[in-house]
Amino acid sequence: MTDRLTQLQDAVDQASSLLANQFVASLFYVHKHHDYATLGPNDTVRQELKNEADPAAKEQDVNPYPAEVFKAAQKELAQDLILKEQQIEFLISVLPGLENSEKDQERMIRQLEEEIKAQDEIHKVALKENEETLAKLESVIRGIKRP
């Protein structure tokens, strides 16, 4: 399990590449699959003649999807972007420091250092007991005579 700061860094790293790619892919999808529409009563949709020999013209064609399919896909793309942004916001909100003052953080650090020292002393005692037990065991083993 990673700490919160590492999780946030991973999310931001993903966001910088994944979200950028996802955002561009969303824009491309909207550009490629939108339907033509007029904005005002005097507007008309211009029909361009397709030049089948020109490969660039084929790639620029708009392939409109039905309105329901297009709206559903737009909604899904938007939800994906929003979900990732909300995950990052959550990780930021649970970072320590926003609700703790500097003195509180220093006190917590001192308390953790004291706990580390206490655990270190317990560890040293356990190592010493281990060495004593090992020495006793060796003396018992050497004291046993072979038949």
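## Salt bridges of helix α4 and the setting of Tyr65

Glu106 is partly exposed, with 37% relative accessible area. In this predicted model, the side chain of Glu106 forms a salt bridge with that of Arg110, at 3.8 Å from N to O. Arg110 is likewise partly exposed, its relative accessibility being 45%. Both residues belong to helix α4, where four positions, or about one turn of the helix, separate them.

**Overall architecture**

The protein chain contains four helices and zero strands, so that its elements follow the order α-α-α-α from the N terminus. The chain has 147 residues, of which 11% count as buried. About 12,900 Å² of the protein chain is exposed, and carbon and sulfur atoms account for 58% of that area. Where contacts link residues at least 6 apart in sequence, 80% of them join residues at least 24 apart.

**Salt bridges**

Side chains of opposite charge can pair when their charged atoms come close. The structure has three salt bridges, and the table lists them with their N to O distances.

| Acidic residue | Basic residue | N to O distance |
|---|---|---|
| Asp104 | Arg107 | 3.8 Å |
| Glu106 | Arg110 | 3.8 Å |
| Asp120 | Lys124 | 3.8 Å |

Asp104 and Arg107 lie three residues apart in helix α4, which spans residues 102-143, and are therefore separated by about one helical turn. Asp104 has a relative accessible area of 28% and is partly exposed; Arg107 is also partly exposed, at 43%.

Asp120 and Lys124 are placed four residues apart in helix α4, so about one helical turn lies between them. Asp120 counts as partly exposed because its relative accessibility is 34%, which lies between the 20% and 50% limits. The value for Lys124 is 46%, and this residue too counts as partly exposed.

**Surroundings of Tyr65**

Tyr65 is located in the loop that runs between α2 (55-60) and α3 (67-93). With a relative accessibility of 31%, Tyr65 counts as partly exposed. Beyond the neighbours within four places in sequence, Tyr65 has contacts with Tyr29, His33 and Phe70. The C-alpha atoms of Tyr65 and His34 are 6.7 Å apart in space, while 31 residues separate the two in sequence.

Key:
Residues are numbered from 1 along each chain as its sequence is written. This is a predicted model: local features need pLDDT of at least 70, side-chain atom pairs count only at pLDDT 80 or more; totals for chains, interfaces and linings use all residues. Side-chain values use heavy atoms; hydrogens and water are left out. Helices (H or I, at least four residues) and strands (E, at least two) are DSSP runs, numbered from the N terminus. Buried means under 20% relative accessible area, exposed over 50%, partly exposed in between (1.4 Å probe, protein chains only). Contact means heavy atoms within 4.5 Å. Accessible areas come from the Shrake-Rupley method with a 1.4 Å probe; for residues, only the protein chains shown count as cover. A salt bridge is a side-chain nitrogen of Lys or Arg within 4 Å of a carboxyl oxygen of Asp or Glu.
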